[in-house]
Amino acid sequence: MAAPLTLLLIVAVTIRAVLFRSSWAELISERVEVVSPLNAWKRVVEGLALLDLGVSPYSGDVFHETPFMIYLFHFVVDYAEIVFMVTDGITAVALYLSIQTYNKNVFRKQKYALESDRYPADCLELLRSPKEMFYIPLKVAMFYLLNPFTILSCVAKSTCGLNNAIIALFILCTLKGSALLSGILLALATYQSIYPLTLFAPALLFFLQRLYIPVNLRRSSFWFFTLQYAFIYVGSLVVITGLSFFLLGSWDFIPSVYGFIFSVPDLTPNIGLFWYFFAEMFEHFRLFFICVFQINVFFYTIPLSIKLKEHPVFLIFMQIAIISIFKSYPTVGDVALYMAFLPAWSHLYRFLRNIFLVSCVLLACSALFPVLWHLWIYAGSANSNFYYAITLLFNFGQVKSLNLISHFT
Amino acid sequence: RGLLTRLNTPICIVCYLAAIVWFMGLAFEPFTLRTDMSENAMGSTMVLLRGASAVPRQGVRSSQKTGAVSTWLVKAMQSRGLEVFTQSFSRKLPFPDENKERYMVRGTNVYGILRAPRAPRTEALVISAPCSPGDSNNQAVGLLLALAQYFRNQVYWAKDIIFLVNEHDLMGTQAWLEAYHHTNITGMEYSPLQGRGGSIQAALSLELSSDVITSLDLILDGLNGQLPNLDLANLFYAFCQKLGVLCTIQGKLQRNDWDTAEGYTHAAQTMMLMVLKQACGRSWGDHGLFLRYHIEAASVRGINSFRHYKTDAATIGRLLEGMVRKLNNLLERLHQSYFFYLLPSLSRFVSIGCYMPAFGLLVVILLLRALDLWVHLGAPALAAVEGVTEAQQPSGPAVLTVLTPVVISHLTGVALYLLPVHLQEMAVEHFPVSETEAVVLTAVAIYTTGLALPHNTQRLLSGEGTEQGWKVLKLTALLYLAVLLGCTALINFSLGFVLAVTLVPITASMTPHMPKALSALVMVLLSPAFTILYCVFIYQELIEAPVSVSEGWMLFLSVISQGILDHALYGSLVYPLLALFIYPCWLMFWNILFWS
């Protein structure tokens with residue numbers, strides 16, 4: 001399978017290289033659907049310039065990346081385009097390998113269950129054959145690399161690509177069974193943007209399932225492993241945060257990065273739900289609604305973990321989707337990451353009755369975003385309500401598709 | 001689900017007829033709304049018009065050479081107390097423009113700023129008159145100067161007034177606007193502006209071609225079908241009525257007998273003219289380029305139609321003075337009234353809420369067909385529920401068979417967009433045609449070549465096509481067309497509607513199982529190029545200057561060349577839309593027709 005994957009990588013890199021060299025690159029890097037105040041390349045360059053001058057990059061409230069990111073780009077800023085293309089490649093390969101491992105596990109379980117006659121007769125057509133499972137990892141990699149959302153995100157040099165790579169590597173390490181690496185990568189992902197914190201629960205459930213430890217709060221083995229994993233995770237997080245402190249010599253980055261993510265001061269329109277609400281909010285109620293909106297992102301972990309504890313990989317997918325819909329500054333790069341997983345469950349598509357309507361809605365909304373932006377900002381004939389309506393419809397389409405997919409279990 | 005399949009075709013036919021009937025019914029007067037001034041700041045003040053009647057005008061002598069005209073203008077404006085500046089610009093067109101007979105364009109804009117005596121210089125109004133050497137807009141320039149002199153003596157101006165005399169009509173306006181707003185979207189070379197006013201709130205463009213004016217025509221259609229706020233049209237109409245000046249729209253006077261057949265036909269003709277003008281996306285007056293910068297603008301053209309009742313220059317002066325005074329009173333940009341409308345007459349309008357359902361009904365046909373196809377595609381999988389079925393691989397080969405026609409169609413579209421202009425030198429070497437003809441004929445040639453292309457390549461690359469293959473392609477193409485037409489209609493409703501009327505019936509009903517020769521003929525007759533041809537003929541009929549077939553063909557060729565030039569010079573989007581998106585979409589359906 002190396003040859004088709006290599007071919008796919010070459011095609012993807014060619015498309016991105018062609019777009020980088022064309023005049024579209026500048027246009028794309030200014031689109032609000034593709035970049036947000038958290039991951040715009042313009043701001044990274046600004047932060048680097050401030051760092052070169054010896055001033056803290058967080059002064060001036062322009063730069064909201066973590067210190068690791070600024071030091072990474074300090075060394076590779078001349079090769080930025082190659083870095084982003086390589087990152088996309090890493091994400092695709094990591095997703096490929098993880099889905100391959102997942103499919104092997106699923107097939108093994110299916111074989112055991114078939115041998116012990118646990119499947120009722122009418123479920124037989126749902127069984128997957130090795131032949132069709134052979135192509136699924138390649139399809140997942142293709143869905144990620146050739147997704148227009150990913151290409152746009154890469155050409156805009158949005159650091160969302162790097163965040164996606166870390167999450168993909170985390171999924172790979174989790175599925176391969178290495179708790180140490182998984183904990184470290186999850187800590188890195190949480191350090192980048194806080195929301196991957198919710199992926200702690202599915203990763204934990206996966207390891208417990210893999211080590212045949214039952215999820216029973218009264219068993220000591222459960223607590224023993226949980227504490228181990230939590231220790232790795234929290235420890236890495238503390239070490240990484242401490243390293244960042246020593247890199248820049250101050251705690252400036254905590255209010256600039258995490259304070260910014262939580263308190264949402266910048267209300268530039270994007271494809272998320274926060275900006276319109278908070279543009280109309282009275283100051284009096286702002287704190288209350290910030291809490292409500294942020295709790296909304298984290299809250300779904302609890303019921304979903306309880307319901308989906310037998311299917312931790314599916315839970316990871318659901319969590320990533322929920323994060324990318326409800327986070328404070330979503331971009332299309334986040335959407336592309338969870339869309340890449342859809343081929344893994346392609347055998348269940350025939351049960352999705354409304355998937356056609358939902359995908360039409362998502363397609364139409366993606367096409368209407370630039371049209372209504374143009375009508376609002378340039379022609380002056382529309383206003384923010386139209387743009388927010390499309391944002392709402394887009395998010396509604398995503399939620400509905402999640403809803404449909406969750407009927408799989 | 002069975003209901004959907006059985007009723008699909010009848011519902012589609014009903015929707016199409018309903019859409020056409022709805023659209024034609026828009027011109028029927030009881031369905032329209034009366035125009036009314038929506039902006040408070042413009043309605044309540046009564047302006048006393050003293051007029052510029054006492055000031056004699058001086059026409060620009062047309063025999064003077066270019067340089068002399070601009071120096072004369074500079075002196076004339078300076079003597080009237082304005083701050084005068086000039087701007088030079090130059091541009092080489094991609095190929096010679098045969099309608100206006102120009103290729104290397106060099107010109108000078110002259111503009112004078114009347115500073116507001118008591119207000120800070122944050123806002124401005126523009127009154128412009130296009131004037132080229134040998135052109136016949138001398139009267140407008142004279143009127144401009146007379147107005148300048150009169151306005152200079154008044155104390156109530158709160159905004160700066162800029163009197164602009166631009167050369168080479170649209171190109172001069174484009175150069176001036178780009179320099180004013182510090183942008184450069186069309187690659188024109190210009191010298192920067194030495195003097196500026198504030199942000200421009202509104203603009204008026206005057207075209208008076210003769211001494212004797214019997215009626216004033218209001219022109220609203222701008223670039224890419226953008227229209228100014230309806231309040232500007234309402235303002236003009238209100239003043240015309242107050243001063244007793246005859247005013248027309250699309251060159252047609254209003255009629256009062258809406259309940260007769262002639263009255264309805266007249267209103268419908270006016271509306272159709274507006275739709276056709278808006279659909280071609282070019283700016284029909286100098287004002288059209290202002291709209292892109294969110295400046296409400298309209299053009300006023302004086303027409304001499306040899307009536308008995310003539311309007312003298314003094315009345316026109318008072319009309320303009322009234323309009324400018326009302327615009328002076330604006331507190332913010334015009335935004336209260338509609339931006340999207342159709343005008344069957346100057347006192348009646350159709351808003352977007354009324355005309356969009358006509359378009360919506362057409363798009364619903366496409367969506368119903370797509371849904372029907374989806375149901376058919378999903379049915380075989382549901383039928384084989386019992387027993388262990390062999391895992392089908394529909395997605396693998398089907399994606400490839402769909403991808404090939406899509407890629408080829410779009411490459412042909414890219415060729416149609418890029419090659420005519422780039423290959424003109426080669427074409428001129430080999431064939432005895434001028435550059436313009438070369439460009440246009442290359443475009444037509446590529447268009448017809450595209451008809452032959454998918455026919456063969458599909459068989460070469462993917463082998464035997466399956467029944468499912470063409471259904472997947474049709475589904476993709478229908479959704480693509482629906483999204484494309486929807487986005488077009490949001491920006492330029494007329495273009496979207498005109499394209500939908502001809503494209504929807506053929507695309508919704510196209511299958512490979514229909515009689516090939518007849519359907520091929522129908523498809524070609526309803527293709528985008530023929531739509532343009534029909535529009536040319538209908539337009540000529542509506543302006544009461546019907547043409548023969550050969551003249552119509554020449555007009556059609558000149559329309560194509562104008563479209564390409566508009567795109568290169570002013571950024572009109574009609575030509576790229578048709579070449580890069582609509583034509584490939586049509587080619588995909590052509591491919592479905594010849595699927596084997």
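Which side chain makes a polar contact with the side chain of Thr531(B)? In this predicted model, that partner is the side chain of Thr502(B), at 3.3 Å.

**View 1. Thr531(B) and its surroundings.** Look for Thr531(B) in helix α16, which covers residues 528-542 of chain B. Thr531(B) has just 5% relative accessibility, so it counts as buried, the cut-off being under 20%. Skip the neighbours within four places in sequence, and Thr531(B) is in contact with Val498(B), Thr502(B) and Leu526(B). Thr502(B) therefore turns up twice here, as a contact and as the polar partner at 3.3 Å.

**View 2. Two of the spans listed as transmembrane regions.** An unreviewed UniProt entry lists residues 6-28, 349-371, 398-419, 477-506, 518-540 and 577-595 of chain B under "transmembrane region". Take residues 6-28 of chain B to begin with: the end C-alpha atoms lie 35 Å apart, and the span is 87% helix and 0% strand. Now try residues 477-506 of chain B, where the end C-alpha atoms lie 12 Å apart, with 97% helix and 0% strand.

**View 3. The open sheet of chain B and its edges.** Nine strands line up as β6-β2-β3-β5-β4-β7-β10-β8-β9 in chain B, with mixed pairing. At the edges stand β6 (189-190) and β9 (247-249) of chain B, each with a single partner strand, so one side of each has no neighbour in the sheet. At the β6(B) edge, β2 (residues 83-97) of chain B is joined to β6(B) by two bridges and the two run antiparallel. If you want a residue pair to zoom in on, Ser90(B) sits opposite Glu189(B) of β6(B).

**View 4. A helix on the sheet.** Helix α6, residues 230-243 of chain B, packs on the sheet and touches β8 (215-219), β9 and β10 (296-303) of chain B. The direction of α6 makes about 35° with that of β10(B).

**View 5. Strand β10(B) and the strands beside it.** How much of β10(B) is covered? Mostly: six of its eight residues are buried. With β7 (residues 199-208) of chain B, β10(B) pairs in the parallel sense over seven bridges. Within that pairing, Ala203(B) has Ala297(B) in β10(B) as its bridge partner. With β8(B), β10(B) pairs in the antiparallel sense, this time over five bridges. Here the pair to pick out is Asp217(B), which stands opposite Arg301(B) in β10(B). In general, strands of a sheet pair through backbone hydrogen bonds, either parallel or antiparallel.

Technical notes. Residues numbered from 1 in each chain as written. Chains lettered and ligands numbered in written order. Predicted model: local features only at pLDDT ≥ 70, side-chain atom pairs only at ≥ 80, totals over all residues. Heavy atoms only, no water. UniProt positions renumbered as here; feature names shortened; annotations may be inferred. Helix = DSSP H or I, 4+ residues; strand = E, 2+ residues; numbered from the N terminus. Pairing = 2+ DSSP bridges. Contact = heavy atoms within 4.5 Å. Axes fitted to C-alpha atoms, helices over the stretch in contact; angles between N-to-C directions. Buried < 20%, exposed > 50% of the residue type's maximum accessible area, 1.4 Å probe, protein only. Polar contact = N/O pair within 3.5 Å; in protein donor to acceptor, adjacent residues only side chain to side chain.
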